[in-house]
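Q: I'd like to learn how to read a pocket and the strands around it. Could we walk through one model together?

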Amino acid sequence: MKTKLLPLLFLLTISLATTTVNAQMRKIPAVVTEAFKARYPHASNVEWSDKISSFMARFTDNDHTYEAKFNSRGEWLSTETQIPIDEIPDAVNDGYGKSRYADWEIQTVHRIQLPGNTIQYRIFTQKSDLQKRNLFFSTEGRLLRENITL
């Protein structure tokens with residue numbers, strides 16, 4: 001009896017292991033999509049992502065790509081867009097140059113708009129394959145925080 005069950009258990013295990021499981025995204029609440037449409041009425045190519053604690057819309061507006069985050073109540077949290085390295089504001093560039101990361105190579109720069117007309121800049125920089133950081137700067141060039149990235 002044991003020998004007959006082993007092949008069956010083996011086949012069942014293989015079947016379960018090879019079955020793909022599609023993770024289901026929560027439905028985007030109407031209050032979120034309406035808040036997005038009100039804030040970005042000319043957005044196109046909108047793609048939504050469920051970020052567990054928020055919802056993110058990736059979209060195009062005026063030939064630029066943005067990512068906007070909203071909470072489940074439809075409150076706007078932030079909007080981010082990549083900018084060319086040579087468009088880093090002087091104060092931010094100066095702050096980066098005075099930081100302990102000044103000799104690291106800048107990979108990308110993002111401009112982040114936050115509630116209260118606050119702007120921050122996220123500079124992704126790296127020194128080696130193992131030394132990578134996201135550095136967040138105020139518009140005055142002050143380093144606000146850093147995150148280690150993998």
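A: Sure. Let's start with residue classes: Ala, Val, Leu, Ile, Met, Phe, Trp, Tyr, Cys and Pro count as nonpolar, Asp, Glu, Lys and Arg as charged, and the others, Gly among them, as polar. Keep in mind that this is a predicted model.

Q: With those classes in hand, how many nonpolar, polar and charged residues are in the lining of the largest pocket?
A: The lining has three nonpolar, four polar and five charged residues. You can check that against the names: Glu67, Lys69, Ser78, Glu80, Ile112, Leu114, Gln120, Arg122, Asn134, Phe136, Arg145 and Asn147. The space in this pocket is about 170 Å³.

Q: Which strands supply at least two residues each of that lining?
A: For this, you map the lining onto the elements. Here β3 (64–70), β4 (76–83), β5, β6 (118–126), β7 (132–138) and β8 (143–148) each give at least two residues.

Q: Where do those strands fall in the order of the chain, from the N terminus on?
A: The order reads α-α-β-β-β-β-α-β-β-β-β, with three helices and eight strands in total.

Q: How many bridges join β4 to β5, and how many pair β5 with β6?
A: When you read a strand pair, look at the direction and the bridge count. β4 and β5 run antiparallel and are joined by five bridges; Thr79 faces Gln113 of β5 there. β5 and β6 are antiparallel too, over nine bridges, and in that pair Val109 sits opposite Ile123 of β6.

Q: What lies between β5 and β6?
A: For a hairpin, check the turn and its phi angles. Three residues separate β5 and β6 in this one, and Gly116 in the turn has a positive phi of about 80 degrees.

Q: Let's zoom in on one residue of β5. Is His110 buried or exposed?
A: Here you need the cut-off: buried means under 20% relative accessible area. His110 is at 13% relative accessibility, so it counts as buried. Its place is in strand β5, residues 105–114.

Q: Which residues is His110 in contact with, leaving aside its neighbours within four places in sequence?
A: Those contacts are Glu80, Thr81, Gln82, Gln120, Tyr121 and Arg122. Among them, Glu80, Gln120 and Arg122 also turn up in the pocket lining.

Q: And how much of the whole chain counts as buried?
A: Of its 150 residues, 33% do. The accessible surface comes to about 10,500 Å², with 53% of that belonging to carbon and sulfur atoms.

Notes. Residues are numbered from 1 along each chain as its sequence is written. This is a predicted model: local features need pLDDT of at least 70, side-chain atom pairs count only at pLDDT 80 or more; totals for chains, interfaces and linings use all residues. Side-chain values use heavy atoms; hydrogens and water are left out. Helices (H or I, at least four residues) and strands (E, at least two) are DSSP runs, numbered from the N terminus. Buried means under 20% relative accessible area, exposed over 50%, partly exposed in between (1.4 Å probe, protein chains only). Accessible areas come from the Shrake-Rupley method with a 1.4 Å probe; for residues, only the protein chains shown count as cover. Contact means heavy atoms within 4.5 Å. On a 1 Å grid over the protein atoms alone, a cavity is a set of points where a 1.4 Å probe fits but cannot get out, and a pocket is an open set with protein on both sides within 12 Å along at least five of seven lines; lining residues have an atom within 4 Å of a point. Grid points are joined across faces, edges and corners, and a volume is the space filled by probe spheres set on the points. Two strands pair if DSSP finds at least two bridges between them.
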